[in-house]
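Here's a friendly walk through a small piece of this fold. Have a look at the picture first, and then we'll start from one residue and work outwards.

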Amino acid sequence: WISGFTGSAGTAVILLNEEQENGTGAVGHLWTDGRYFAQAMQELPKKSWTLQRSGNPGTPTIEEFLQKEFLTRATKPEKN
């Protein structure tokens, strides 16, 4: 699997050239539910993946996350 996560319930989102404000350098995000939080934390490479805990307060849905990312990227000036 691309993320290293072996659980049976999860959705991965990978963004090219992502600049993380959280300092993790993450390029991938994995959404999974509470049954798999501990497993995902152990299996995901921490430098390249962010665990999105589905159903937890403050965790965006995949749709909310993508909408925010696309709007943010669309309004950023290009770097030369």
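Let's begin with the company kept by Thr 32: setting aside neighbours within four places in sequence, Thr 32 is in contact with Phe 5, Ala 9, Gly 10, Phe 37, Ala 40, Leu 51, Gln 52, Arg 53 and Ser 54. Contact here means heavy atoms within 4.5 Å. Keep in mind that this is a predicted model, where local features need pLDDT of at least 70 and side-chain atom pairs count only at pLDDT 80 or more, while totals for chains, interfaces and linings use all residues. Residues are numbered from 1 along each chain as its sequence is written, and side-chain values use heavy atoms, leaving out hydrogens and water.

One of those partners gets a polar touch as well: the side chain of Thr 32 reaches the backbone oxygen of Ala 9 at 2.5 Å.

So where does Thr 32 sit, and is it buried or exposed? Thr 32 lies in strand β2, and it is buried, with a relative accessible area of 2%. Gly 34 tells another story: it's found in the loop between β2 and α1 and is exposed, at 51%. The cut-offs are under 20% relative accessible area for buried, over 50% for exposed and partly exposed in between, using a 1.4 Å probe and protein chains only.

| Residue | Place | Relative accessible area |
|---|---|---|
| Thr 32 | strand β2 | 2%, buried |
| Gly 34 | loop between β2 and α1 | 51%, exposed |

Gly 34 also has a link across the sequence: Gly 34 and Ser 54 are 20 residues apart in the chain, yet 7.3 Å apart in space, C-alpha to C-alpha.

Now for the strands. Strand β2 (residues 28–32) runs parallel to β3, and five bridges join them; strands count as paired if DSSP finds at least two bridges between them. Within this pair, Thr 32 stands opposite Arg 53 in β3. To get from β2 to β3, the chain passes through helix α1 (residues 37–43), making a right-handed β-α-β crossover. Right-handed means that, with the strands pointing away from the viewer, the path from the first strand over the helix to the second runs clockwise. Strand β3 (residues 49–53) is mostly covered, with four of its five residues buried.

Zooming out, the protein chain has two helices and three strands, in the order β-β-α-β-α. These are DSSP runs numbered from the N terminus: helices are H or I with at least four residues, strands E with at least two. Of the 80 residues, 29% count as buried.

Methods
A polar contact is a pair of N or O atoms within 3.5 Å; within protein, one must be able to donate a hydrogen and the other to accept it, and residues adjacent in sequence count only if both atoms are side-chain atoms.
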